[in-house]
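Here is a short briefing to read alongside the model. Have the viewer open as you go through the points.

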2 protein chains.
Amino acid sequence: MVIDRAPLLDRVFHALAHPARRSIIRRLAAGEQNLSELASPLKMSFPAASKHVRVLEGARLVRRRISGRQHMCRLEAEPLKEVTQWTEQFRGHWEARFQALDALLEEMQPQDAAVTNPSAPTPRRRSAPRIRRKTS
Amino acid sequence: MVIDRAPLLDRVFHALAHPARRSIIRRLAAGEQNLSELASPLKMSFPAASKHVRVLEGARLVRRRISGRQHMCRLEAEPLKEVTQWTEQFRGHWEARFQALDALLEEMQPQDAAVTNPSAPTPRRRSAPRIRRKTS
DNA sequence: AAATTATTAAACCAACCGGTTGCATAACGG
DNA sequence: CCGTTATGCAACCGGTTGGTTTAATAATTT
């Protein structure tokens, strides 16, 4: 996928898709750490961990400040904002209410015809919940 | 990365890391679509698109209902909730306040004492924002 | 029955990922 | 200086990804 020079969101999601990299982010959230500190708890060689940090840098999730022989890394969380923004647009879809509603609709759909019930959603094609009802 | 049988969060982030798959999700948010409908706007062969849908199914982001020869897909957004939950834990780190604060701290930390010149570019070391002050 | 449509499956490919090892370099502490 | 520490870099490797093409299957239409 050539994560470099790919859209930032691609790089961010890709960066977050590996547990070692999420672990790094979590620990950086508590404050700066140098590469050795970051690498030591990861069951892998130092170069491997270093590569993970580079991936995070490529996604702008980590920034590095060289101080003597130590490379201090710190979390740069802005890209996570975009992640949240992207996912938030589907919040309505995962809220429990809709799951229940879906199940209900599926149950009453099959073959109904004489629809006296106004709330009967005739089509078997289900439309997405576009509006959020305030009611109960 | 063996996305199958990997932790769900890995699979979800991986699934979201490809623009074609995000595009599929976006369009499914508007309602069910079958594979052909999903594939047609994606500049790639049908089998390629079909594979993308399978990746999304592996991440539990899409579910398929076979109806005749058509495979109707619908969005299953719960996993996105976990994504949001994961990222939300870092919200404090990307909120603008901290950026400004960081800059400020950078300015006054180094060897301050009698710092009359506010634009002194002295600083280097920046510590992570660990505590959230309520004040202004 | 034949043609069309919707989809899977299989084989193949180049590129990439995630890991390793070995060696080079640079900074710090005696 | 020398040894140690912190890191980079290049080469290599097996497995996966993301794409293709071609062929097969199955449901629908004519």
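In this predicted model, H4(A) gives the largest share of the surface near DNA strand C, with 5 residues. For DNA strand D, the largest share of the nearby surface, also 5 residues, belongs to H4(B).

**Around DNA strand C**
- Of the 24 residues around this strand, those that come nearest are A:Ser45, A:Ala48, A:Gly68, B:Leu35 and B:Ser36.
- At least two residues each are supplied by H4 of chain A and by helix H3 (35-39), H4 and strand S3 (70-75) of chain B.
- By class, the surface near DNA strand C holds 12 nonpolar, 9 polar and 3 charged residues.

**Around DNA strand D**
- A:Leu35, A:Ser36, B:Ser45, B:Ala48 and B:Gly68 come nearest to DNA strand D, out of 24 residues around it.
- Helix H3 (35-39), helix H4 (46-58) and strand S3 (70-75) of chain A, along with helix H4 (46-58) of chain B, each bring at least two residues to the surface near DNA strand D.
- That surface near DNA strand D is made up of 12 nonpolar, 9 polar and 3 charged residues.

**How the two chains relate**
- Chain B superposes on chain A (RMSD 0.0 Å) after a rotation of 180° with 0.0 Å of shift along the axis, which is the relation of a two-fold axis.
- The copies meet through the same surface, because 93% of the interface residues of chain B are also interface residues in chain A.

**The nonpolar core**
- The largest nonpolar core has 48 residues, and A:Leu56 and B:Leu56 touch the most other members.
- Leaving aside residues up to four places away in sequence, A:Leu56 touches A:Ala15, A:Arg21, A:Ile24, A:Ile25, A:Leu61 and A:Val62.

Methods: Residues are numbered from 1 along each chain as its sequence is written. Chains are lettered from A and ligands numbered from 1 in the order in which they are written. This is a predicted model: local features need pLDDT of at least 70, side-chain atom pairs count only at pLDDT 80 or more; totals for chains, interfaces and linings use all residues. A nonpolar core is a set of buried Ala, Val, Leu, Ile, Met, Phe, Trp, Tyr and Cys residues joined through C-beta atoms within 7 Å. A residue is buried if 20 or more other C-beta atoms lie within 10 Å of its own, exposed if 12 or fewer, and partly exposed in between; C-beta atoms are placed from the backbone. Two residues are in contact if their C-beta atoms, placed from the backbone, lie within 7 Å. Copies are superposed by least squares on the C-alpha atoms of residues with pLDDT of at least 70 in both. A residue is near a molecule or strand if its C-beta atom, placed from the backbone, lies within 6 Å of it. Helices (H or I, at least four residues) and strands (E, at least two) are DSSP runs, numbered from the N terminus. Ala, Val, Leu, Ile, Met, Phe, Trp, Tyr, Cys and Pro count as nonpolar, Asp, Glu, Lys and Arg as charged, and the others, Gly among them, as polar.
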